[in-house]
Amino acid sequence: MLGAARLATDLIPRANAIGFSPDICSYLTSDIGAYLAGITPMSKVDERIKGVPKPDVLVYNTNQCRDVQDWFFWYGRQFKVPVLGIHTYRGVGEVTDIHIEGIARQMKQLVRELEPIAGRKFDIDVLKETVRISRRCSDLWKEVLDTASHVPAPLTFFDGTILMGPAVVLRGDPRANTFYEHLLGELRARISGGVAAVDGEKFRLYWEGMPVWGKLRDNATLMMTLKTNVVASTYCNSWIFQAFDPEAPFESMAKAYTELFIVRNESEKEKYIDEMVRFFKVDGIIFHDAKTCPNNSNNRYGMPERYRREKNIPTLVINGDLNDLRCYSEEQAKTNIEAFIEQLA
Ligand code: SF4
């Protein structure tokens, strides 16, 4: 929200001033910056929300990166509350029972640590029901994104970054599922009515990496003028967890979070992108090299070159950031995107 509302760039220096490097996650630095400045974009939604509420406990998972851990430890020190976490595997090739058991055991250990804090016993049936609702949410979100395989596509990556909100923060709550059921109906109606998200869609692209949150509108408009639709992305797909199984909640959550793109090795990531390229019928891939997020920037070990040389799929790398607009040159990105699309013609 701080990024999309273009508040982040001004807030990041506040976190830098207390020792967080400008090179680390700009979600972290902008969020801590907002806390230090005593503001939150949530007060525009509800003015009673003044900032981050005081938690009883903080729970992190390192499967995105270590930044989340350090971020939560900072709040833990601020609020003087316990911080617990799950440490996941990285660079995973084949997902094995050893991975799944390792993560499932950590989750079970969390239950033991959280019970005294919550002051009540863990109820397996509540967890099973939550996993069931989450699985439905995940399936609906996948169906929503899959509608973009239709030519012309009824939605864009830029729409997806906003529409994914309920799958991110309300997964496990039936209201998210109701939202996606309505959305799916609308997208299917668009497909039957021949309504394209980009009028006169001529080219279809895949977006690999983080969005540039403060430039969603500009990038969407630029693509529209170029008759190009970014039809799919790794980022929006990150909220699809098809391994969830309410009958084996711990093991299936462990599997889902270990199968996730971000924790896989390069060849598993390529297999995944190959399938996306085929399914969404894309003409080229844009890799966003996000300065403060090496974890979600997959251009740094030769992948775009491999796609160009070995798979004959055009690729473009743009430099930028998710939240810190000082790292993004709009003119340069625009010129590069225009030239890239001209080559596709
Ligand atoms: S994966 Fe990237 S954007 Fe996400 S928390 Fe880690 S550094 Fe930040």
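Where is the place of Glu 47? Glu 47 sits in the loop between α2 (26–37) and β1 (58–61). Before going on, one caution: this is a predicted model.

Stay with Glu 47 for a moment. Is Glu 47 buried or exposed? Glu 47 has 8 C-beta neighbours inside 10 Å, so Glu 47 counts as exposed. Now look from Glu 47 across to Leu 205. These two are 158 residues apart along the chain. Their C-alpha atoms are separated by 39 Å.

Leu 205 takes us to strand β3. That strand covers residues 203–208. How many residues of β3 are buried? The count is 6 of the 6, so β3 is largely enclosed by the rest of the structure. Take the faces one by one. One side carries Phe 203, Leu 205 and Trp 207. The other side carries Arg 204, Tyr 206 and Glu 208. Both faces are covered, and these residues are all buried.

What does β3 pair with? Start with strand β4, residues 228–233. β3 and β4 run parallel, and 5 bridges join them. Here is one pair to find on screen: Arg 204 in β3 has Asn 229 in β4 as its bridge partner. Between these two strands comes helix α9, residues 216–225. Together, β3, α9 and β4 make a right-handed β-α-β unit.

Next, strand β5, residues 284–290. β3 also pairs with β5, again in the parallel sense, over 4 bridges. Look for Glu 208 here. Opposite Glu 208, in β5, stands Phe 287.

Now move on from β5. Strand β6 spans residues 315–320. β5 and β6 pair in the parallel sense over 6 bridges. Which residue of β6 is the bridge partner of Ile 286? That partner is Leu 316. To get from β5 to β6, the chain passes through helix α13, residues 303–311. This β-α-β crossover is right-handed.

On to the core. The largest nonpolar core has 81 residues. Which residues have the most contacts inside it? They are Trp 141, Leu 205, Val 231 and Ala 232. Which element gives this core its largest share? Helix α5 does, with 7 residues. The core also draws on two domains. It takes at least three residues from each of domain 1 (1–50) and domain 2 (123–344).

Ser 134 is found in helix α5 too. Ser 134 has 24 C-beta neighbours inside 10 Å, so Ser 134 counts as buried. Compare its position with Pro 116. The two are 18 residues apart in sequence. In space they are 26 Å apart, C-alpha to C-alpha.

Next, the ligand. Which residues surround it? Here is the list: Cys 25, Tyr 27, Gln 64, Cys 65, Asp 67, Val 68, Cys 293, Asn 295, Asn 296 and Leu 322. By class, this shell around the ligand has 6 nonpolar, 3 polar and 1 charged residues.

Now some backbone details. Most residues other than glycine have a negative phi, and most peptide bonds are trans. This model has exceptions to show you.

What kind of peptide bond joins Val 151 and Pro 152? The bond is cis, with omega about 0°. Pro 152 lies in the loop between α5 (124–146) and α6 (157–163).

Then phi. Arg 6 has a phi near 55°, a positive value in a residue other than glycine. Arg 6 is found in the segment before α1 (8–17). Arg 6 has 13 C-beta neighbours inside 10 Å, so Arg 6 counts as partly exposed.

Lys 80 also has a positive phi, near 55°. Where does Lys 80 lie? Look in the loop between α3 (66–79) and β2 (83–86). With 7 other C-beta atoms within 10 Å, Lys 80 is exposed.

One last stop: Asn 237. Asn 237 has its place in helix α10, residues 234–237. Why does Asn 237 count as partly exposed? Because Asn 237 has 18 C-beta neighbours inside 10 Å, and the buried class needs 20 or more. Asn 237 and Ala 153 are 84 residues apart in sequence. In space, C-alpha to C-alpha, they are 16 Å apart.

To recap: β3 is largely enclosed, and β3 pairs in parallel with β4 and with β5.

Technical notes. Residues are numbered from 1 along each chain as its sequence is written. This is a predicted model: local features need pLDDT of at least 70, side-chain atom pairs count only at pLDDT 80 or more; totals for chains, interfaces and linings use all residues. A residue is buried if 20 or more other C-beta atoms lie within 10 Å of its own, exposed if 12 or fewer, and partly exposed in between; C-beta atoms are placed from the backbone. Two strands pair if DSSP finds at least two bridges between them. A crossover is right-handed if, with the strands pointing away from the viewer, the path from the first strand over the helix to the second runs clockwise. A residue is near a molecule or strand if its C-beta atom, placed from the backbone, lies within 6 Å of it. Ala, Val, Leu, Ile, Met, Phe, Trp, Tyr, Cys and Pro count as nonpolar, Asp, Glu, Lys and Arg as charged, and the others, Gly among them, as polar. A nonpolar core is a set of buried Ala, Val, Leu, Ile, Met, Phe, Trp, Tyr and Cys residues joined through C-beta atoms within 7 Å. Domain bounds come from an automatic or database domain assignment.
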